[in-house]
Number of protein chains: 6
Amino acid sequence: MPTGELRSTPLPTANHNSSSSSEDDAWVWAQIKAEARRDAESEPALASYLYSTILSHSSLERSLSFHLGNKLCSSTLLSTLLYDLFLNAFTSDPSLRSAAVADLRAARERDPACLSYSHCLLNYKGFLACQAQRVAHRLWQQSRQPLALALHSRIADVFAVDIHPAARIGKGVLFDHATGVVVGETAVIGNNVSILHHVTLGGTGKVGRDRHPKIGDGVLIGAGATILGNVKIGEGAKIGAGSVVLIDVPPRTTAVGNPARLVGGKEKPSKHEDVPGESMDHTSFISEWSDYII
Amino acid sequence: MPTGELRSTPLPTANHNSSSSSEDDAWVWAQIKAEARRDAESEPALASYLYSTILSHSSLERSLSFHLGNKLCSSTLLSTLLYDLFLNAFTSDPSLRSAAVADLRAARERDPACLSYSHCLLNYKGFLACQAQRVAHRLWQQSRQPLALALHSRIADVFAVDIHPAARIGKGVLFDHATGVVVGETAVIGNNVSILHHVTLGGTGKVGRDRHPKIGDGVLIGAGATILGNVKIGEGAKIGAGSVVLIDVPPRTTAVGNPARLVGGKEKPSKHEDVPGESMDHTSFISEWSDYII
Amino acid sequence: MPTGELRSTPLPTANHNSSSSSEDDAWVWAQIKAEARRDAESEPALASYLYSTILSHSSLERSLSFHLGNKLCSSTLLSTLLYDLFLNAFTSDPSLRSAAVADLRAARERDPACLSYSHCLLNYKGFLACQAQRVAHRLWQQSRQPLALALHSRIADVFAVDIHPAARIGKGVLFDHATGVVVGETAVIGNNVSILHHVTLGGTGKVGRDRHPKIGDGVLIGAGATILGNVKIGEGAKIGAGSVVLIDVPPRTTAVGNPARLVGGKEKPSKHEDVPGESMDHTSFISEWSDYII
Amino acid sequence: MPTGELRSTPLPTANHNSSSSSEDDAWVWAQIKAEARRDAESEPALASYLYSTILSHSSLERSLSFHLGNKLCSSTLLSTLLYDLFLNAFTSDPSLRSAAVADLRAARERDPACLSYSHCLLNYKGFLACQAQRVAHRLWQQSRQPLALALHSRIADVFAVDIHPAARIGKGVLFDHATGVVVGETAVIGNNVSILHHVTLGGTGKVGRDRHPKIGDGVLIGAGATILGNVKIGEGAKIGAGSVVLIDVPPRTTAVGNPARLVGGKEKPSKHEDVPGESMDHTSFISEWSDYII
Amino acid sequence: MPTGELRSTPLPTANHNSSSSSEDDAWVWAQIKAEARRDAESEPALASYLYSTILSHSSLERSLSFHLGNKLCSSTLLSTLLYDLFLNAFTSDPSLRSAAVADLRAARERDPACLSYSHCLLNYKGFLACQAQRVAHRLWQQSRQPLALALHSRIADVFAVDIHPAARIGKGVLFDHATGVVVGETAVIGNNVSILHHVTLGGTGKVGRDRHPKIGDGVLIGAGATILGNVKIGEGAKIGAGSVVLIDVPPRTTAVGNPARLVGGKEKPSKHEDVPGESMDHTSFISEWSDYII
Amino acid sequence: MPTGELRSTPLPTANHNSSSSSEDDAWVWAQIKAEARRDAESEPALASYLYSTILSHSSLERSLSFHLGNKLCSSTLLSTLLYDLFLNAFTSDPSLRSAAVADLRAARERDPACLSYSHCLLNYKGFLACQAQRVAHRLWQQSRQPLALALHSRIADVFAVDIHPAARIGKGVLFDHATGVVVGETAVIGNNVSILHHVTLGGTGKVGRDRHPKIGDGVLIGAGATILGNVKIGEGAKIGAGSVVLIDVPPRTTAVGNPARLVGGKEKPSKHEDVPGESMDHTSFISEWSDYII
């Protein structure tokens, strides 16, 4: 298998999901370049793409800024402007790079379809949308709302991923497939969370400022789940695909269905593995889901 | 707050959701220009964008035609052609502008994340898709199906919003977030309706011509709701997020779940506020939803 | 009706859904050219588009390669490169053309909103995404993973349709509306299947290689349905819109709801028409769905 | 000869070089459309181009505005903006269309390589640069210097034709080949003049405002001729290719060489045909050029 | 010197200026790939460009077609269309490749500033314009005038090189610098000719069909020379920079000045080296040019 | 006159043609911004352009890098890559900015058609080509030939200005109009030189490395002049338009004609003003040019 060789390269340390040292970051970037070099050699038709996006750049920040600038530009928001914007943000705020590396690791470790770091860096719209949102978030925090929202609009158009620039997102987050994700203004997403496509973290009504969900660390949210209002999804909770969640979900429990109910019952819900956002088991609850009776 | 100043400018009249006089339209356009001027001054990086899309234009119609032409163009459908198409439509049919203004007001009044009219005009894919669909609808009515469908295709590609050009849409409609909305050929949407993302107004089977839902005035349809067939959603009804609705829903009632049931029961459903499409309260029914038992 | 004239042209043979002879293919291509010629004459504004995409090409393969190359290109993956890639694939593997023709027929016959073959060829993002995926699948089979995944990424960006290049797809498949469709790496889709938008054929957990659904011939999957894991959806089964399916569904039965249940009960489920993927009746089960009680 | 058929169509009136009635203009536009239709039929590969540039437009003004907008646009001066600019100019000032028609006739009648009006309209950079300059000149006269100069810059980049927007140009002017033509700010070019490529009508020094040549009606200026300073080239004069002219040239005489001398001598120069700008005989003077002694 | 290494690679045969066997062609293509590989390694910023234009292609024909398609395309003449056009021509007519190789050799051998074959292939506008003209010439011969002229127009816009598609050009021709070259419809250029920038091979008057110069084998034409009318420049003649030539020039003589005179006198002109088009000595005549008396 | 107001602003110091302090540079950049702001206000259609090219940038270097990146990019050499390249060069080597400022002053002071510094910065192809060449020259000196030549090729295509990256160019140089300028590999151009369009500083033959002209400080070279070989044009010399110069020209003398002769005779040539490159008087020699006898 042409992609197998590099996959066995051992990671430098055993456990570094949510935070990454500068050394780790360098290791991932070196890995990405090695992957791209291998692919460029085996596939000349792709070599130009790999050189322009990865191999011609001296750092992950530059590669990402280039790639996002060219993906998100339009005839009225030029790639040079966006490239500059991204590069300035990545240069000024090193935590943006660390977060990107943590997200790359998350995809590589949790998604069996993720063949390599470079695969994620180049092709995962969830990863790219998330990094661009982090830059938009930085602009938002600097009271540069109009620019943050223009960037937000481009991300929503290009990736069909709509995360408000004011939303706060942890590290080691995997937006898998990502199409159709909507995350509202006051939502908070913890570390090591995995969110599938079509997931909504939405508001309700026109009241208050703090009106969107708070997602704890290690949560797994299945495809098409809708979580509405300022509710709290506890650490390590699991939300079944297609669920509609309108109230709090305790830590390490599973909510499924429309309306969502706790597996094992409201009083004594079953507890499961600690970090489903990492283990990615979407259907462990099947046997317990009493009325699942096909 | 840098965006606060202009928000306090009083609206000229108290109530003008679904219709707007030419005077009101002028007020909104003036407001948009003032917002854009303020943002261009505070954010030089965005000034070029704001001048090209708003400040260089003499009217809302021209601004919209320019923005849509540049957003929807492709290498085989040039921006100049689309610009011409939009400008001709807006010039020939003033009701298109009124509808756009009513939609701008709807976003500004109902969506707490909508900071300004210009924010909606520039960045809301639901707003932009809806205005472009209205022009496609006009072409459809003029028996210019192939052109209407080409435009429809561009809207579906660029915004991931798929509204058939034959569908009829009222004024003051808010497509919030909008990604993934699908509206079929014979669907009708009333005035002051609010529709969240991933909502489907779909057909069923291959029978008949009139095979899609009819949505009454003031209806609120939650994220991910699927309404299928030639069913009638009564005025002011509310459809819960993620619901699957296959039969009629009476006015001012709430349908939730998959399959959807009326809150309060089929026989004597609870009645709620008159225009949920404006109040945007998605979860008022929680306490009454009997089996919502997390 | 301007589009009526050509619609009455009889198909050359009575039944040719899933396979198409070279002669049939030629008939469809001739039909497409005739439609495009008619539309170019009646709509000069669209003539340039119709000539560049259809009328200037000597074969369906060239037309499709041109159209896909121009739709999927980006500033770092040039249209000429993609055009070449598509043309080579279509030339080397005639079954790609047969599959495209079968899909065109599927759209034309099953979707009442499909006015003509050229309408589908030019405008149906589901059709276009599927043809591009077939080429990506071919690359995958040739162990050209990096190129297959780059193409996959473009399809997911441009059409918001995310079908893994390793997934196997039959002929005569209709992806209707298509936005938000996600199909995983080890999924298999049979012949004459119809799949609506927002449908997920997803994996679960990080285990195993074979972790995605297998969809039998003639299945109909309603909008927003989520099918997870290596489950088997039997021939001619019907999955209701918004359903969440986690276990096998027997042939010619209907599963609805979240979690999905069999209409008629688990023990003795009701049987329905043979090929719902062709008849496209999404709601035949309403009367039998016992607790559907609005 | 495939292009011969339409060439024999008689012109409506006998003599209409420098001025053209509205009726004549209509005839030329009809001719252009007929030519484009013929070419689109015989050459499908070009049909898309011909429809987008000519056949989809309702008037010569629109066709020219579209063509110039798309030729002269850049990533920072969008085609929609330029299209608008040109269309407004052509609509407000009908003499721009008359001048364009007169120039089309000039090319068609004087240049044996000009096969058709549409050939000139689409392909002659001298024709296109001249029409764009006329619009820039109009902006200049309206005291819109910055816009006029931006347009001037685009013309100089795209066509390598550098005519200052303040220069005044008559009707029925042929810029043949045109590459490298430079015409200064205070130059004046009469009616029915023919100017070959690399011709300079330049200033000298930094003095005065009126510092460029004045070219009389019917003058012919050969390739590479350089005319410097506020000198007067009399009506019907002929300037040999490669000549350097620094002082006045009397009407209907020929100046050749570097420095230029009058053929026949300074005292009694030979007189020639009345309108060399129309007859285009560049070398009639050979026998008389005494020292031409190869 | 980083570029020195490959320059010493010996050519396979001693003398092959004007014709090249298929084997020689393969050698040049291999050389081009080796050069591009070396440059891609030493200059990562350029690697993407080198892979897309050269290293991803399986033949010189494909590389040239890609490069010309992307250089000459416009918003109304797409790169895919032009790529197709070029590839078809190169595939159908192998003499186009031989001519290209001969021209590459000409540049490499005659121009001391030409560092490598790939340098010429990628960067020499004269080389690229000439190859594109050869394809236009082929279209012209096939009575596809409108397409040939559209291509001609693109070459004139993009490269500022204006060679009529009907002109006949030999092999081993070097258009050095090339900007401003104008070659008329009935001009003929022999083998191993070298033509500098701003050279005109022009017609005179509106008479006859055969009205442009005929340039013999091995001729050298200096910068800015203007040759007008159906005159014959004999084999191995040399035309001085800035000369204006209106009558025949005998073989192996030198014409200089405006008007041009033969060096050594009309009666007994000095003879010089056989193939100045190859030796490229522009000023050997200085000492003999009697009145050159600064 | 709308452009008059700012023109009277006094320059900070009296004489600073060829060198400029950092303070002077800041003054010029402030002036450019003031001009652009004025023009953006008076001409909304141009405001977007002025903001993107000038007003959104924090320094002249960034503005120039952006403008050149967008002007010179192509589908295979992206604007982001070029922008990066230019910005790096300008940041690493402050003399590039000083040279640009000196050139801006040269245009502003010598060319009566130059209305403002911003006019030159945005619109003068000679100025832009020269700044880009300086960056290419820097790459050349760093032994990055392939990149330097790729940039050279883009400059030659876009501006029709062909200056070899190895050529050395002084400060305060004005390339007026610039189309068709060709400067060879070993040419040297001094300070305060003015060079008109179509000027060639060419080599001769294939001999030696040092084969191009050396132009002294303050020289003025008229339009279309051709200077060939390793000849020396003395300080303050003047070369008449259209001249062909093959041997040295003494300081402060004037050479005119083809072949060029010294005004006043070879033995005792007339002397003129010290710095014709600044006074720009192209025709002071007329009265003395004995055989100029029209």
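Copies of a chain are superposed by least squares on the C-alpha atoms of residues with pLDDT of at least 70 in both. Keep that in mind here, because this is a predicted model.

Start with the chains. Two copies of a chain are related by a rotation about an axis and a shift along it. Here, a turn of 120° and a shift of 0.0 Å along the axis lay chain A on chain B, with an RMSD of 0.0 Å. That is the relation of a three-fold axis. The copies use different surfaces, for 5% of the contact residues of chain A recur in chain B.

Now pick one residue, His177(A). Where does His177(A) sit in chain A? Its place is the loop between strand S3 (174–176) and strand S4 (182–183). Is His177(A) buried or partly exposed? Its relative accessible area is 23%. Buried means under 20%, and exposed means over 50%. His177(A) is therefore partly exposed.

Look at its neighbours. Leaving aside residues up to four places away in sequence, His177(A) touches Lys125(A), Leu196(A) and His197(A). It also touches Asp162(C) and Val182(C) in chain C. With Asp162(C), the side chain of His177(A) makes a polar contact of 2.9 Å. Within chain A, Ile195(A) is 18 residues along the chain from His177(A), and their C-alpha atoms are 9.0 Å apart.

Move to chain C and helix H8, residues 125–141. How far should its 17 residues span? At 1.5 Å a residue, the expected span is 24 Å. The end C-alpha atoms are 24 Å apart, so the two values agree. H8(C) is mostly covered, with 16 of its 17 residues buried. After H8(C) comes Ser143(C), which has a positive phi, near 60°.

Terms used: Residues are numbered from 1 along each chain as its sequence is written. Chains are lettered from A and ligands numbered from 1 in the order in which they are written. This is a predicted model: local features need pLDDT of at least 70, side-chain atom pairs count only at pLDDT 80 or more; totals for chains, interfaces and linings use all residues. Side-chain values use heavy atoms; hydrogens and water are left out. Contact means heavy atoms within 4.5 Å. Helices (H or I, at least four residues) and strands (E, at least two) are DSSP runs, numbered from the N terminus. Buried means under 20% relative accessible area, exposed over 50%, partly exposed in between (1.4 Å probe, protein chains only). A polar contact is a pair of N or O atoms within 3.5 Å; within protein, one must be able to donate a hydrogen and the other to accept it, and residues adjacent in sequence count only if both atoms are side-chain atoms. The expected span of a helix is 1.5 Å times one less than its number of residues.
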